[in-house]
Amino acid sequence: MSTVKAVGRFAPSPTGPLHFGSLISALASFLDIRSVGGHWMLRIEDIDPPREVLGASDVILRQLCAHGLHWDGPVLYQSNRLAAYAAAIEHLKSKDLAYYCSCNRKRLSTLNGIYDGLCRSLELISGETSVRIRLPSQPTLIGFYDHILGDYDQNITNYVGDFIIQRKDQLFSYQLAVVLDDHYQGITNVMRGSDLVDSTPRQIYLQRCLGYSQPQYAHIPIATNALGQKLSKQNCAASLKQGEESLTLWSALDWLQQSPPESLHNSSVNEIIEWAIAHWNSKKIKPSLSISAPHGF
């Protein structure tokens, strides 16, 4: 009997070079899939031009290769998938699962992040509007098993309400694009940072609306700086240093609680990756939302 090969992915936004926090996410996903002989896909989430940095996509690709993280198949650029996102929104509207919303930022700022459904029954037409998913009239509890954090439940009605799938500036939302692209690429296993765990119930709800299968989810801790902030471009996280790939990989494996031997410090990138694939154990990862990054990162 044939079995479906596991397929994972790494999906960075081209807002700048990779830093230690983004490398951890890439490495964990890569090892989790390679350790079971699966495919690892690369997706560039370039659908928010105001946030993107020119040339960052190419830098990210070079950094991944320098750290021995080689992907399968062509890179998927979300900017080439706009027609698919638009078609999905039309499909959802045709099923009365989405509607136009004209609420402005000033009004939304008074709602504490939970949309109250004001535009649900107004039957607005396209214009200066966003598009929202229509949740059921009854509270909607979405639960899933996270392979690191354990059972996770969220009442998306009370947590966010009808959420946006296309913004007023016509840019498509992360929630919509990630669901469509995971399905398009045949993703079976999603391993990513814990900062995205609270988005997962919304993505599962969209998967159900669209008739898609649900991947397995695992959310690793995010790496934080000395102030307890997530390592990110906004918080001035340093780019990975060229020429220090072996040290960075060893540090990332140590941070992921994989117990790399000291002897690996002086090994090549390929030797470290081979060891890491052979010894990968996601159960060693601490079920925590965040862990401080090593000094120097």
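In what order do the three strands of the open antiparallel sheet stand? The order is β4-β5-β8. This is a predicted model, and the report below covers its two sheets, one pocket and two helix pairs.

**The antiparallel sheet**

Three strands make up this open sheet, and their pairing is antiparallel. The edges are β4 (98-101) and β8 (164-166). Each of these edge strands pairs on one side only. Neighbouring strands are turned against each other by 40° on average, direction ignored. β5 meets β8 in the antiparallel sense over two bridges. Here Arg132 stands opposite Ile164 in β8.

**The second largest pocket**

Arg132 and Ile164 turn up again in the lining of the second largest pocket. The volume of this pocket is about 230 Å³. Cys101, Cys103, Asn104, Arg105 and Leu108 are among the lining residues. The lining also includes Ser130, Arg167, Lys168 and Asp169. Which elements give two or more residues to this lining? They are α4 (105-108) and β5 (130-133). By class, the lining residues divide into four nonpolar, two polar and five charged. Arg105, Arg132, Arg167, Lys168 and Asp169 count as charged here.

**The parallel sheet**

Another open sheet has three strands in the order β1-β2-β3. Its pairing is parallel. β1 (7-10) and β3 (76-77) are the edge strands, and each pairs on one side only. Strand β2 covers residues 39-44. It pairs with β3 in the parallel sense over two bridges. Arg43 has Leu76, in β3, as its bridge partner.

**Helix pairs**

Two helix pairs are set out below.

| Pair | Residues | Angle | Axis distance | Crossing |
|---|---|---|---|---|
| α6 and α7 | 174-184 and 200-210 | about 55° | 9 Å apart | right-handed |
| α8 and α9 | 245-255 and 269-279 | roughly 20° | within 9 Å | left-handed |

Are α8 and α9 roughly parallel or oblique to each other? Their axes cross at roughly 20°. Angles under 35 degrees count as roughly parallel. α8 and α9 are therefore roughly parallel to each other. The crossing of this pair is left-handed.

For α6 and α7 the packing angle is about 55°. That value falls outside the roughly parallel class, which takes angles under 35 degrees. It also lies outside the 65 to 115 range for roughly perpendicular. α6 and α7 are therefore oblique to each other. Their crossing is right-handed.

**In brief**

One open sheet pairs in the antiparallel sense, and the other is parallel. β5 pairs with β8 and also gives two or more residues to the lining of the second largest pocket. Of the helix pairs, α6 and α7 are oblique, while α8 and α9 are roughly parallel.

Terms used: Residues are numbered from 1 along each chain as its sequence is written. This is a predicted model: local features need pLDDT of at least 70, side-chain atom pairs count only at pLDDT 80 or more; totals for chains, interfaces and linings use all residues. Side-chain values use heavy atoms; hydrogens and water are left out. On a 1 Å grid over the protein atoms alone, a cavity is a set of points where a 1.4 Å probe fits but cannot get out, and a pocket is an open set with protein on both sides within 12 Å along at least five of seven lines; lining residues have an atom within 4 Å of a point. Grid points are joined across faces, edges and corners, and a volume is the space filled by probe spheres set on the points. Helices (H or I, at least four residues) and strands (E, at least two) are DSSP runs, numbered from the N terminus. Two strands pair if DSSP finds at least two bridges between them. Axes are lines fitted to C-alpha atoms, for helices over the stretch in contact, and angles run from 0 to 180 degrees between N-to-C directions. Angles under 35 degrees count as roughly parallel, over 145 as roughly antiparallel, 65 to 115 as roughly perpendicular and the rest as oblique. A crossing is left-handed if the near helix is turned anticlockwise from the far one by less than a right angle, and right-handed if clockwise.
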